[in-house]
Amino acid sequence: MDKINAGDTAWLLASAALVMLMTPALGFFYGGLVRRKNVLATIMHSFFILCLISVQWVLWGYSLAFGPDLGGLIGGLDWLALKGVGQEPSTYAPTVPHLAYMVFQMMFAVITPALITGAFAERKRFKAFVVFTLLWATLVYDPVAHWVWGGGWLFQLGALDFAGGTVVHITSGVSALVAALVLGRRKGLGAEPIEPHDATMTVLGASLLWFGWFGFNAGSALTAGGLAANAFVVTNTSAAMGALTWMTVSWLHKGAPSVLGAAAGAVAGLVAITPASGYVDVSASILIGLGAGVFCYAAIQLTKRLGVDDALDVFGVHGIGGTWGALATGVFATVAVNAAAKDGLLAGNPEQLGIQAIAVVATITYSAVMTFVILKVINLFVGLRVPEQDEVLGLDATQHREVAYQL
């Protein structure tokens with residue numbers, strides 16, 4: 001027990017609390033973007049996932065993701081129901097209690113499936129959503145987390161992902177695109193206006209996400225020191241640059257500086273810096289935020305032009321932002337920031353970019369295939385979409401028999 005550092009432990013527990021805040025913040029971010037008749041159902045997605053995955057993680061999720069490696073593919077079942085996970089130092093973070101590391105990672109496992117819900121907002125049956133979340137967390141998130149962070153094959157290959165570009169954002173973004181395609185377009189899309197009901201709620205949600213993201217990225221240093229400080233600063237810089245870039249691009253494109261665009265751009269900048277935050281310096285974070293604003297905005301315009309109803313642009317922000325961030329890590333990484341990492345392309349190691357590309361392709365392929373299979377199986381037994389009449393009336397009234405506002 002003498003190895004445990006009080007400062008590191010305090011920082012990691014505080015970071016876990018910051019990341020926990022991100023999931024209800026996401027609920028507000030998404031809730032403001034949907035129509036008034038669906039806001040409660042949309043916020044419920046995030047709140048319910050916080051509850052469900054908190055239990056799933058302690059029962060079997062943590063063991064699958066971080067338990068002793070089995071063939072590079074999955075963790076063993078040694079830590080079912082947290083058996084053997086206690087106050088002793090963690091092998092992954094030797095200066096903090098194992099339980100502190102577990103609960104920090106839990107909050108990542110919680111928010112990742114919550115991100116997907118923006119793609120199928122306003123049309124998915126709640127029962128199907130519950131089953132999907134449990135299966136997806138177990139069959140997609142837990143294995144990929146093991147590949148990258150739990151000693152699995154991508155970890156062994158040398159892939160760099162400081163806080164979740166592949167594990168969190170590519171898995172959720174790609175799965176969101178698959179879900180949008182499988183469920184189909186919302187009724188009335190294109191024929192009637194479908195506008196955000198409360199932009200102020202969305203900006204509040206984005207601001208709280210930004211706040212929580214400091215725990216997400218700087219907490220991933222696992223120690224209270226210089227690396228955490230670097231991750232904190234580059235996170236803020238990339239978020240700010242992403243917001244400025246998105247707002248400017250949309251201003252040039254549509255003739256007005258969009259408030260919601262600035263909020264979305266900040267989130268895109270946060271997404272893109274996530275895998276790189278412990279490996280790049282501040283100048284690189286400006287370029288990463290700039291790229292996020294351009295690439296994510298362009299991706300959303302393309303998906304809309306193709307007629308894909310990714311309701312709240314999850315793929316454009318998280319799928320493309322996570323991909324850009326993962327590849328940018330292979331370009332800008334430097335051991336000057338993190339001696340335990342590797343140099344990237346610009347520091348004379350082009351091989352790292354190739355490794356990052358392998359991690360991106362593997363994560364995209366696995367997430368897409370597994371999500372498609374999970375959705376198709378659920379549709380056979382439960383049915384994915386609510387009936388058309390329920391969709392017209394709204395999910396708040398038909399799925400939950402409650403309304404968000406008594407006006």
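Arg186 is buried, with a relative accessible area of 9%, where buried means under 20% relative accessible area, exposed over 50% and partly exposed in between, for a 1.4 Å probe and protein chains only. The model is predicted, with local features requiring pLDDT of at least 70 and side-chain atom pairs counting only at pLDDT 80 or more, whereas totals for chains, interfaces and linings use all residues. Residues are numbered from 1 along each chain as its sequence is written, and side-chain values use heavy atoms, leaving out hydrogens and water.

With a salt bridge taken as a side-chain nitrogen of Lys or Arg within 4 Å of a carboxyl oxygen of Asp or Glu, the count comes to seven salt bridges, including the three tabulated here.

| Pair | N to O distance |
|---|---|
| Arg186 and Glu122 | 2.6 Å |
| Asp309 and Arg123 | 3.9 Å |
| Lys304 and Asp313 | 3.3 Å |

Salt bridges that share partners join Arg35, Glu122, Arg123, Arg186, Glu192 and Asp309 into one network. Glu122 is buried at 1% relative accessible area, and Arg123 is buried at 0%. Asp309, at 4% relative accessibility, also counts as buried. For the remaining tabulated pair, Lys304 is partly exposed at 48%, while Asp313 is buried at 18%.

Helix H11 (residues 314-332), helices being DSSP runs of H or I with at least four residues, numbered from the N terminus, has 19 residues and reaches 25 Å from its first C-alpha to its last, close to the 27 Å expected, a span defined as 1.5 Å times one less than the number of residues. Of the 19 residues of H11, 16 are buried, so the helix is largely enclosed by the rest of the structure.

Methods:
Helices (H or I, at least four residues) and strands (E, at least two) are DSSP runs, numbered from the N terminus.
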